[in-house]
Every structure is written in structure tokens, then in C-alpha cells.
Amino acid sequence: MSNQTEILQPVMQTYGRFPITLVEGKGSYVWDDQGTKYLDYTSGIATCNLGHVPEPVEKAVSEQLTKLWHCSNLFHIPVQEQLAKGLTDNSCGDQVFFCNSGAEANEAAIKIAKKYGHDVLKQDNPLIITFQNSFHGRTMATLSATGQQKIQDGFAPLTPGFEYLPYNDQEALQQLSERKPAAVLLELVQGEGGVIPVDPDWIKKLSASCKENNILLMVDEIQTGIGRTGKLFAYEHYQIEPDVFTLAKGLGSGFAIGAMVAKEHVAKVFTPGTHGSTFGGNPMAATAGLATIKQVTENDVLEKANEAADIIWSNLEELVSKKSEIKSVRGQGLLIGLEVEGNAIDYVNKAREEQQLLIVVAGPSIVRILPPLTTTKSEVEQFIAKMDQVFS
Ligand SMILES: *Cc1c(COP(=O)(O)O)cnc(C)c1O
């Protein structure tokens, strides 16, 4: 029973929420219920990569809305097949499993790695190596895969079968070949862990070591995917080819969809009955995904995003040299972290309250900036002017 004097919120209090209520969005802007307009450089945490209510997705989803919402994966879903083709044609992957979120996509990756370990590698207890400071989700298996104590605290017993190695660490490569795991799972920019980009030389060595030792390379592209880092998928920056990669956030422009993409030799261990999802890749979500992928791959979205990123990076680097409160800027493309003096949340609050600029944190001392890929030059100028004020 709750204390009678306090009002019990009907929604569980798993989030510390900002004290504003957003009711409308278009492009890079959102409006709250008081009519205040904000420049939204959070993109729903790397989800609304094409901005809010992007026209091509809106149009496709509106048309689908009058036709069929859901029918079960027991039936063929042509738009899901088209989306799978869109993903495999534009990546190193061969087949796709659809689900509804990032955690579920990583669950699917973890399951396929274990099945591959049993069926192909003939291991009794396949091990998956992940990295310190990583973030892979909040379900039991994915929080067990996550290399952060604070995410795991209070949830023991964890799912067994994970070990964590230091990220970007030379010795980890040595340990990897000694431990003989079935798979490694990692992000190429650790997003929630503080916007830490992978060392290009290290990831190439890690990939080579995986090949040499028959270890599956699994990349969590849930935050980095769909153009966020300047390429459709972040792995493309490093001339590596993951055996498995996972997607969610940016894939549906805000509609809930997740995907696990695998090369054929891995994908084939998932046979009928081994995995499933009621909603995964249903006609509505797949339509949003297909329209999003088409927009990114058939237009100059990435080119424009990279132009915006160049301007933002050079201006932020200038801010770093001017403002003693900012220690460094890091990340890749439009997944950007500012390492600040003091509490990052204080700057985030100041940006929102005084500059109507929405940004978020990634850990206690990192301000995270996630502009939509479609942000315009004039919005970028506004952003820089606002940041100059926030750190004055
Ligand atoms: C957000 C995120 C997840 C979890 O996605 P959900 O949709 O919240 O389950 C997993 N991995 C990474 C890298 C993420 O950024």
C-alpha cells in the first residue's frame, strides 16, 4: 500500500524524466504542451534519424494504416521481405530476423551465437565475450551482456555465459584467442557508456583474430546504425565484416522495430521453431523501416549528414579550445559526446531551460548530442550559438 499523502504515479518510475511534455514534432523541432519550441538534438536517442514525422515515412505508414496492421509471422509479409532485402543489399549480411527493440535484437544475436556454438563449433557451454563499459539492453540476457555494474546491480542471478574484457585494449586481443568464445559482441562507438569510439587499429586486429580463431564477430549497431556515424552502418568505417549485427533505434524512424542481421553460415542455424516474435517485422513496423532505409540509401541523406557533422565538429572543437568547462569532444558522425567539467546534467538542463535546446547525457560527465541526420545548416548555426551560451 502506498502512503496516502503521496500521489502514486500510474507509470512505474524507471525514468528520471525532464519536466516538459512534448506534444508535436517536425524535422529538427519539437513543441511542448505550453507551445514552447525546442531544437531537438536528441532525436529520441538516435531514433528519429530523419527528423520528426519525416514525410516519406509518414506517407508510407499512412497508406499501410488503412490496409493491414498485423497478421502474424505464420504468413508471408511482403513488406518485411522487402525491408530484409533492403538491409542485406546494403550490408554484408545475408538474412534478417525481425523483432521490436534493441534488447530483443541483441537477445536474438546472443541466441544465434549460442546455437552456432552448440551446432557448428560443438561447444557444450558457448561463451560470449563483451566489453567493459558496453551497453546491450535491459532484459536479463542483455543486461548480463552489458559490461556495467550499475546496470546489473540488484538483478542477480545474471544469465551465465558472458565475460567482459577491456575495450580498445591490446591485451584483450590476446585473452580473446585464449578464451575461445563462440562470439564477441561489441559497439563501435560505446553510446550509453560515454560515447567512446573504437580504436580503428584495434577493431581491425580484433576482427582478424575472430576470423583466425573461428569466433563470431557480432556488432551492436543499435545506436550507431542507420547513418548515425556517417555511414549506413558503423562497421563500414573499418573494412571489417561482422558475422552478425543488430539494429533498432534508427531503423523505424520512431516506430518500434529491431533486427538481427547475419551472414548465411550463421543465419542457417535458426530453423523453424528456434526463435520467434509475435509482432516482429509486422506490416506497420516493416513499412516504417522500409521507407526509412529507402530514404537513407536512395537519397543524399548521408552526404548531407556528413556535411552537417563536419560543421558541428569543427565548431565544437573550437568551443573546446575556448571554454574551460569542456574538456574534449569525441564520437563519430552525428553521435557526439562532450566531456565536461562538473555534472553533464547541469548543462543539459541549462540548454533546455535557457536555450530551448534538447540534448542528453551519456554518464555523469558526458553531454551527448544526437542531431537528426537531416539537420540543416541554419539549425547547426543556431545549435552552435546556443551551446556558446550554455557554456558561457
Ligand atoms: C539503446 C540500445 C540498446 C537497447 O535498445 P532498446 O530498444 O532500448 O531495448 C542496446 N544496445 C545499444 C548499443 C543501444 O544504444
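This passage looks at the ligand site and at Asp-119 in a predicted model.

Turning to the ligand, its surroundings are made up of Ser-101, Gly-102, Ala-103, Asn-106, Phe-135, His-136, Gly-137, Glu-187, Asp-220, Ile-222, Gln-223 and Lys-249. Sorted by character, this shell holds three nonpolar, six polar and three charged residues. Helix H4 supplies the largest share of the shell, with three residues, and H4 itself runs over residues 102-119.

Several polar atoms of the protein sit close to ligand oxygen. The backbone of Gly-102 places a polar atom 2.8 Å from an oxygen atom of the ligand. With Ala-103, a backbone N or O atom lies 2.7 Å from a ligand oxygen. Gln-223 takes part through its side chain instead, where an N or O atom is 2.8 Å from an oxygen atom of the ligand. As for overall cover, the ligand on its own has 380 Å² of accessible area, and the protein covers 80% of that.

Back on helix H4, Asp-119 belongs to the stretch of residues 102-119. Is Asp-119 buried or exposed? Neither label quite fits: Asp-119 is partly exposed, because its relative accessible area of 34% falls between the 20% limit for buried and the 50% limit for exposed. Its side chain also has a partner, as a polar contact of 2.6 Å links the side chains of Asp-119 and Lys-115. Glu-212, by contrast, is 93 residues away from Asp-119 in sequence, and the two C-alpha atoms are 19 Å apart in space.

Methods
Residues are numbered from 1 along each chain as its sequence is written. This is a predicted model: local features need pLDDT of at least 70, side-chain atom pairs count only at pLDDT 80 or more; totals for chains, interfaces and linings use all residues. Side-chain values use heavy atoms; hydrogens and water are left out. Helices (H or I, at least four residues) and strands (E, at least two) are DSSP runs, numbered from the N terminus. Buried means under 20% relative accessible area, exposed over 50%, partly exposed in between (1.4 Å probe, protein chains only). A polar contact is a pair of N or O atoms within 3.5 Å; within protein, one must be able to donate a hydrogen and the other to accept it, and residues adjacent in sequence count only if both atoms are side-chain atoms. A residue is near a molecule or strand if one of its heavy atoms lies within 4 Å of it. Accessible areas come from the Shrake-Rupley method with a 1.4 Å probe; for residues, only the protein chains shown count as cover. Ala, Val, Leu, Ile, Met, Phe, Trp, Tyr, Cys and Pro count as nonpolar, Asp, Glu, Lys and Arg as charged, and the others, Gly among them, as polar.
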